Amino acid sequence: MEEMILKLKQEIIEVLNLEDIKPEDIDNDAPLFGEGLGLDSIDALELIVLMEKNYGIKLQDPAKGKEIFKSINVMADYIQKNRTR
Amino acid sequence: MSMEKESVNILSAKQISIQAPLSEEWMDNPLNYSEDYVRAVDPDFKQFISAGDARRMGKLLKRALATSLSALQEGGIDNPDAIITGTGFGSIENTELFLDALVREGEQLLKPTQFMQSTHNTASSLIGIHTRCHGYNSTYSQKGFSFDSALYDAWMQFRIGRIKSALVGSHDEMSPVFSGFVRKAGHVKEGEICSEAAVSVLLAESGNAYCTLDGVRLLDTPSSDTLKEVLADMTDGGIDAVMTGKSGNSENDSWYGFLDTLLQGVPQLRYKPLFGVNFSSSATGFYAAACCLRKGSVPAVLSESGKGVECSKGILVVNVVEGRHYSFSLLKPVCGK
């Protein structure tokens, strides 16, 4: 799981172009949206694309993203359980 | 609407190009290139844009914003009445990424940020949002005539009294792939440097100015009589020099042949060997002319004869695209300067 979390953080940094942020700067339990990383609705769309492209997870209901993208730990757990690739 | 003729002043002009960025260093120490494809020299964007804001911006947007904010700051105007932008192809690098993904992965997995940046008017709207200027905002995309069209729009709006200030810019980037297409299509020719440029110019009826904008004319396939008439009209007060788009390529330079007879004896200047050729080239010529008038002289590096020229009457900037589309902008020194 540790390895998967690190990979996920690297992917998020790359896809969201978070130039000045390193994986260790992202708290595994901190909220990704609002406080914490301060992501917004366009980032949510980028994360939905990331999950489908890299893990084969097709999020049918975008509203579910609110729960899945709560933190790195929650997102990694969801990916672990639902990935098809 | 008032038809009274107020003067239109150029309060500031800023560039990011293949010369030192946001600086007039090129006038004394120009950067010289032997390559035929050169990308712009970027400044440190962090002084203008936060990391959070910058992460959704490609190079073109960062350059457009940096030149705009720099021009507004120097000109002392926070909220211009209009933001008018030219661009030949907009954020082409992001457009390429978006199209590549479309070809590779179909329509299902396209990135929203790349999509947002693939439209030509993104730069102008970004400047409007960032500066909270919610007035007139327009983008002209006419290949190498984009800046000229944007400037003409601003000029007309000043003339009919609709605006008192305008930020006019032109911004184009050139990816490696796109530079190949542009050469094949003949937009950049043999002997010319294929380059990038972002230029922002702040115009206003009042304020401390580099120089004044005395007239703008656009002509499409004019007859020689029309050219003669327009040049006679625009230069009747005399000019110090004419800023041409000559590049060293014989086909391109032949389009400016009319100046040899109609403006006989007037020193000719060339900005393309310094700034290269791209769809915002004419903006670099306009910028260079404004800088010369501000300084009171043309550096030898711009002059076709290799000799510097003193400026006391004005510079006519001439752009000819594809031998058919002509633009003329007359810049004059500020009275009493």
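**Figure 1. The buried side of helix α6 in chain B of this predicted model.** Nine names don't need a long introduction: B:S146, B:F147, B:D148, B:S149, B:A150, B:L151, B:A154, B:W155 and B:F158 are the buried residues of α6(B). The helix covers residues 146-159 of chain B. How far apart should the ends of its 14 residues be? At 1.5 Å a residue the expected span is 20 Å, and the end C-alpha atoms do sit 20 Å apart, so the two values agree. Right after α6(B) comes B:G161, with a positive phi of about 75°.

**Figure 2. A closer look at B:F158 and its contacts.** We stay in helix α6 of chain B, where B:F158 has its place. Is B:F158 buried or exposed? It has 24 C-beta neighbours inside 10 Å, and the cut-off for a buried residue is 20 or more, so B:F158 counts as buried. Leaving aside residues up to four places away in sequence, B:F158 touches B:V8 and B:I163. Then there's B:E205: it lies 47 residues from B:F158 along the chain, yet the two C-alpha atoms are separated by 8.2 Å.

**Figure 3. The open sheet of chain B, with 10 strands.** Reading across, the strand order is β3-β2-β4-β5-β1-β6-β12-β11-β7-β8, and the pairing is mixed. Which strands form the edges? They are β3 (136-140) and β8 (268-270) of chain B, each of them pairing on one side only. On average, neighbouring strands here are turned by 25° against each other, if you ignore direction.

**Figure 4. Strands β2 and β4 of chain B, and a helix that packs on the sheet.** Strand β2 (residues 82-86) runs parallel to strand β4 (residues 165-172), and the pair in chain B is joined over 5 bridges. For one of the partners, look at B:T85, which is bridged to B:G169 in β4(B). Helix α12 (residues 281-295) of chain B packs on the sheet and touches several of its strands, including β1 (8-16), β2, β4 and β5 (197-204). Further along, α12 also touches β6 (211-220), β7 (241-244), β11 (315-321) and β12 (325-332) of chain B. The direction of α12 makes about 55° with that of β5(B).

**Figure 5. Two loop residues of chain B with positive phi.** As background, most residues other than glycine have a negative phi. B:R132 isn't a glycine, but its phi is positive at about 55°. You'll find B:R132 in the loop between α5 (122-131) and β3 of chain B. B:R132 has 8 other C-beta atoms within 10 Å and is therefore exposed. B:K143 is the other case, with a positive phi near 50°. This one sits in the loop between β3 and α6 of chain B. With 17 other C-beta atoms within 10 Å, B:K143 comes out as partly exposed.

**Figure 6. Helices α1 and α4 crossing in chain A.** The axes of α1 (residues 2-15) and α4 (residues 72-82) of chain A come within 10 Å and cross at roughly 110°. How are α1(A) and α4(A) set against each other? They are therefore roughly perpendicular. From α1(A), A:M4, A:I5, A:L8 and A:K9 meet A:I72, A:M75, A:A76, A:I79 and A:Q80 of α4(A). Sorted by class, this contact of α1(A) with α4(A) has 7 nonpolar, 1 polar and 1 charged residues.

**Figure 7. Where chain A touches chain B.** Chain A puts 11 residues into the contact and chain B puts in 6 residues. On the side of chain A that touches chain B, the classes are 5 nonpolar, 1 polar and 5 charged residues.

How values were computed. Residues are numbered from 1 along each chain as its sequence is written. Chains are lettered from A and ligands numbered from 1 in the order in which they are written. This is a predicted model: local features need pLDDT of at least 70, side-chain atom pairs count only at pLDDT 80 or more; totals for chains, interfaces and linings use all residues. Helices (H or I, at least four residues) and strands (E, at least two) are DSSP runs, numbered from the N terminus. The expected span of a helix is 1.5 Å times one less than its number of residues. A residue is buried if 20 or more other C-beta atoms lie within 10 Å of its own, exposed if 12 or fewer, and partly exposed in between; C-beta atoms are placed from the backbone. Two strands pair if DSSP finds at least two bridges between them. Axes are lines fitted to C-alpha atoms, for helices over the stretch in contact, and angles run from 0 to 180 degrees between N-to-C directions. Two residues are in contact if their C-beta atoms, placed from the backbone, lie within 7 Å. Ala, Val, Leu, Ile, Met, Phe, Trp, Tyr, Cys and Pro count as nonpolar, Asp, Glu, Lys and Arg as charged, and the others, Gly among them, as polar. Angles under 35 degrees count as roughly parallel, over 145 as roughly antiparallel, 65 to 115 as roughly perpendicular and the rest as oblique.
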